[in-house]
Amino acid sequence: MWSKESREKQSNRFINPFKVIDYCGDVITVYKNSVEAQRAGGFQSNAIRQVLNGRAKTHKSFTFERISVDDYLEYIGEE
């Protein structure tokens, strides 16, 4: 069994950032990966990946768009 610290460290290795966009086209938030979005936003990580890969159009009425790590860091206020 992995400790919480170990899981967080492992999760930080996989940064595939994306933004969450509502039906009006406004950016709601950004996440570093689908696991974080599942934990913090209540989304289903597999459904997010389907939207990001073009196999679905929306999940919970939101669309998702990949962004660069630099853009992600800018959104969250780190550089």
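## The strand pair

Strands E1 (residues 18–21) and E2 pair with each other in the antiparallel sense, and four bridges link them. Bear in mind as you look around that this is a predicted model. To find one of the pairings yourself, start at Val 20: its bridge partner in E2 is Thr 29.

The two strands form a hairpin, with five residues lying between them. In that turn you will meet Gly 25, whose phi is positive, at about 90°.

## The nonpolar core

Now for the inside. The largest nonpolar core is made up of nine residues: Phe 18, Val 20, Tyr 31, Ala 37, Phe 43, Ile 48, Val 51, Leu 52 and Phe 64. Two elements, E1 and helix H3 (45–52), each give two or more residues to this core. H3 gives the most, with three residues.

Phe 64 is a good residue to click on here. Leaving aside residues up to four places away in sequence, Phe 64 touches Phe 18, Lys 19 and Val 20, along with Phe 43, Ile 48, Val 51, Leu 52 and His 59.

## A patch on the surface

Back on the outside, Val 27, Tyr 75 and Ile 76 form a nonpolar patch, and together they have about 250 Å² of accessible area. Val 27 belongs to strand E2, which covers residues 27–31.

Is Val 27 buried, exposed or in between? Its relative accessible area is 35%, so Val 27 counts as partly exposed: that class lies between the buried limit of under 20% and the exposed limit of over 50%. The value also fits the patch, whose residues need over 30% relative accessible area.

Conventions
Residues are numbered from 1 along each chain as its sequence is written. This is a predicted model: local features need pLDDT of at least 70, side-chain atom pairs count only at pLDDT 80 or more; totals for chains, interfaces and linings use all residues. Side-chain values use heavy atoms; hydrogens and water are left out. Patches are made of residues with over 30% relative accessible area and no salt bridge: like charges are joined within 9 Å, nonpolar side chains (Val, Leu, Ile, Met, Phe, Trp, Tyr) within 5 Å. Accessible areas come from the Shrake-Rupley method with a 1.4 Å probe; for residues, only the protein chains shown count as cover. A salt bridge is a side-chain nitrogen of Lys or Arg within 4 Å of a carboxyl oxygen of Asp or Glu. Buried means under 20% relative accessible area, exposed over 50%, partly exposed in between (1.4 Å probe, protein chains only). Two strands pair if DSSP finds at least two bridges between them. A nonpolar core is a set of buried Ala, Val, Leu, Ile, Met, Phe, Trp, Tyr and Cys residues joined through side-chain atoms within 4.5 Å. Contact means heavy atoms within 4.5 Å.
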